[in-house]
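Hi there,

Here is the structure I promised to pass on. Have a look at it first, and then read my notes below.

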Amino acid sequence: MPSLPASRRSFVCLVLAAAAAGCSTGPAPALNPREFFAGKTLTYIVATEAGGGYDTYGRLVSQYLAKYLGAGRVVVKNIPGGGHIVGTNELYRARPDGLTVGMFNSGLIYAQLLQRRGLQARLDRMSWVGKAGGEPRLLVTSTRSGFRSLDDIRRAGRPLLMGAGGIGTEGYIDATLLAAAVGLQTRVVLGLATRDSQLSMMRGDTEAQFISASSSRPLLTGGYGHVVMRVGSGPGVDERVPEAGDVVTTPDGVRLVALIRAVAALSRWTAGPPGVPAERLEVLRAAHAAALADPGFLKDAKRLDLPIQPMEGAALAEAVTRVLTQPQETLTLLASASGEPGAAAPGDR
Amino acid sequence: MALILHSLATLIFDPSLWLLMLAAVAMGMVFGAVPGLGGKLGIVLSIPLVFGMETLPGCVFLVAMHSVVHTGGSIPSILLGIPGTGPDAATVCDGYPMTQRGEGGRALGASLAASAVGGVLGAVFLAALIPIVGPVVLAFGPAEYFFLALLGLTFVGAVSGDDLRKGILVGALGLMLAFVGSEPQTGVQRFTLDQTFLWDGVDVITAVIGIFAIPECLALVAGLPTDARRIGADTRYGFADLFEGVKDVGRHWGLTVRTSFIGAVIGLIPGLGGDVASWMCYGYAVQRSKTPERFGKGAVEGVIGPEAANNSKEGGALLPTLFFGIPGSSGMAVMLGALVVLGVQPGPEMASKHLDLVWVLIWTLVVANVLAALMFLAVGRWLALVVHLRAGLLVPFVLLLACVGSFLGGGSWENLLLLVVLGVLGTAMKRHHWPRAPFVIGLVLGPIMELSLHQALTIWGPAFVLRPVALALAAATVATIVVSIRTTARRKGAARAAA
């Protein structure tokens, strides 16, 4: 074997010595979990591109989360693609040391229930930190449609023309589930994300949209729409508008409305990959809860027009598990309502 | 009138607003000039900055920054053949050949003047439409989008160069690549090869870099080593060259005004976006030229058209954003969020309650665009020096910039694989003298045509073709084709007579 030059030799020795030292000391003594985060960099993955609702929530939550963790700094990493699936997969595969957490669309509950291809993440295995949002959903009709109540729509005797983002998106599945639950005939015009769909309603092209209360504001304040039904209640939502849960008459309908309500309530959540050590997860959950109660946070959220409905991590983990454990009947209904190719057929799981 | 002048006074007699605008314009130009960054990211990064500001200065900062991004974005398009942003991609077609011919300074001059004029005319357009904003924005729906995209597709004929058949084939290839991604109706993955990065389709910036920039880079290094290889032929750049370009805008005044108008109209239609505006205006410039054969080889009109359009579209895009709360583009979507942060609630009441703010923003568009042109003029001469670097030094830098642009544009490293594939395709096309612009036109217009056709059919059925605006656009399409066939026939006849 040819001899190494002196400098190279000493480098090799150094590496070997370091390796030996690493072996002999064994596992490092466990740090106090609270001290673990001190001065470190927290990576916060947002599974959508910069700008928009998820990004705004993510940036705000991460900033205050880092404050209460005592982290040195926080890096927000936008990983868009595939309707939040790419970023969620990335988060799922991240190192479970507690230093990588993130936010993604709660509509991925549907994706997992429907066993959508491409989604590698299993939501029930993730380390849930807490949630910040959750809002009622409203069925809004355009003023130009002339529909001011559910009865008006039924009396028309033709399908209601609705706008939605695309098959598989949360908005589309919500709309079709609601229609199936209350027995409404609909025809969905796809490729109309929230704002495009609203413009289409203002033009009089489409007639209705099923969206979160805060998203409905441009239609309602401009006098372009009426709320004809709601799922859930909350600030700023007219309690006199019929609740879908009171309108449905069949057991299937009740199940579907319950599913919509559960998914709508679990929004703007923060999670880490599976296997974050329990004591660190506790610290993350406590920091998240403290962040969301911070007066500065609440003031910023109000200024950014972000409704806040907090839930603590342990409760969120339970809620996620509960919503992912659906009876076969609901899954069958979901699969047929979603209209998605490759959706879970009865008896598939 | 008093309100209009008062708003102007508010803006120009406040030194702190001047400072803010200077900072914003410099920032916007840099975000445009670094490939892959763009105005949207600019706003995202400014949100913490404007968070503590008062409403007026905050809005002025954001609008000033966002409105000049494409003034800066043309710099790498022209000098290096790499678009700074998507809407600056069309400028590569003729801007870069001008640089290669030693006219980089002139191309930069034309670009900065066209951008400034476009930006100012966009502001005028915005101001003129305030009283009738509702009917105008609401005149365009899926039926109209479809025919507008179809009209855009006829420009493939114009940018095909000598051989129309080749142009149509390349355009069709672009349209086919537009099919890659989630099918909008069924959610089925089309040609995505089980790769999630392809779910949202082929990234336009990556496509332009692959088809245009990579082949030029390879051509530059082919035959190395030689110290003489540089992008630019001429080594003397001065203000004279820049002014020559500025004068070009005066010489093509009609084209500048018309493409500014087209850009502003496309900007005002939510969902079409800046890529469509600049490529359609490029196509328009070629089509209206008496000597279309000069395009793709360094025709200054090929710089003026898209650069006027991509700045004027900002004025148009502010209309639906401010008065409907509906953003005209993804950049405007972020702007909308930022305006909310600043305490502005966009919507119909902007025209009644906050008209003073609207007028300040219109003036901001004007002042920022002029400031950007002056700033550009001041540094343009030094920027042009980059093309005199030896190719051996420059090419690695350009390739790195190309990779960064593609990575940031698509947001995933797999885009670099796509860049290689498209780079090979672009190199083959260049070597065999196939036109490359039709490819990008097909890629940009394909998704809009497909989606709007589906939507129009769901809403109205086949009767969508009978809607008035749609009919007018269809008639314009037919007229464009007839005129271009007649012009070509006449030119060929003249050539035959001469021979």
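**What I found**

Let me start with chain B, which has 23 helices and two strands. Please keep in mind that this is a predicted model. For chain B the mean pLDDT is 86, with 96% of its residues at 70 or more. For the complex, the predictor reports an ipTM of 0.79 and a pTM of 0.81.

**The overall form of chain B**

The C-alpha trace of chain B spans about 65 × 60 × 55 Å along its principal axes. Its radius of gyration is 22 Å, which agrees with the value near 23 Å that a compact globule of 499 residues would have. Of those 499 residues, 60% count as buried. Looking at contacts in chain B with a separation of 6 or more, 80% are between residues 24 or more positions apart.

**Where chain B touches chain A**

How many residues of chain B are in contact with chain A? There are 36, and they meet 36 residues of chain A. The elements of chain B that give two or more residues to this side are helix 3 (38-50), helix 17 (330-341) and helix 22 (437-460). Helix 17 of chain B provides the largest share, six residues. By type, the residues on this side of chain B divide into 18 nonpolar, 16 polar and two charged.

**A sheet in chain A**

Chain A holds an open sheet of six strands, in the order 2-1-3-10-4-11 and with mixed pairing. Which strands are at its edges? They are strand 2 (73-78) and strand 11 (311-312) of chain A, each of which pairs on one side only. As a general reminder, strands of a sheet pair through backbone hydrogen bonds, either parallel or antiparallel. In chain A, strand 1 (residues 41-46) and strand 3 (residues 100-104) run parallel and are joined by four bridges. If you would like a spot to zoom in on, A:Tyr44 stands opposite A:Val101 in strand 3 of chain A.

Two helices of chain A are worth a look here too. Helix 12 (residues 278-293) of chain A packs on the sheet and touches strand 3, strand 4 (127-133), strand 10 (267-272) and strand 11 of chain A. The direction of helix 12 makes about 10° with that of strand 4 of chain A. Helix 14 (residues 313-324) of chain A also packs on the sheet, touching strand 4, strand 10 and strand 11 of chain A. For helix 14, the angle with the direction of strand 4 of chain A is about 95°.

Happy to talk it through whenever suits you.

Best wishes

Methods: Residues numbered from 1 in each chain as written. Chains lettered and ligands numbered in written order. Predicted model: local features only at pLDDT ≥ 70, side-chain atom pairs only at ≥ 80, totals over all residues. Contact = placed C-beta atoms within 7 Å. Nonpolar A, V, L, I, M, F, W, Y, C, P; charged D, E, K, R; others polar. Rg over C-alpha atoms; globule rule 2.2 N^0.38 Å. Buried ≥ 20, exposed ≤ 12 C-beta atoms within 10 Å, placed from the backbone. Pairing = 2+ DSSP bridges. Axes fitted to C-alpha atoms, helices over the stretch in contact; angles between N-to-C directions. pLDDT = per-residue confidence, 0-100.
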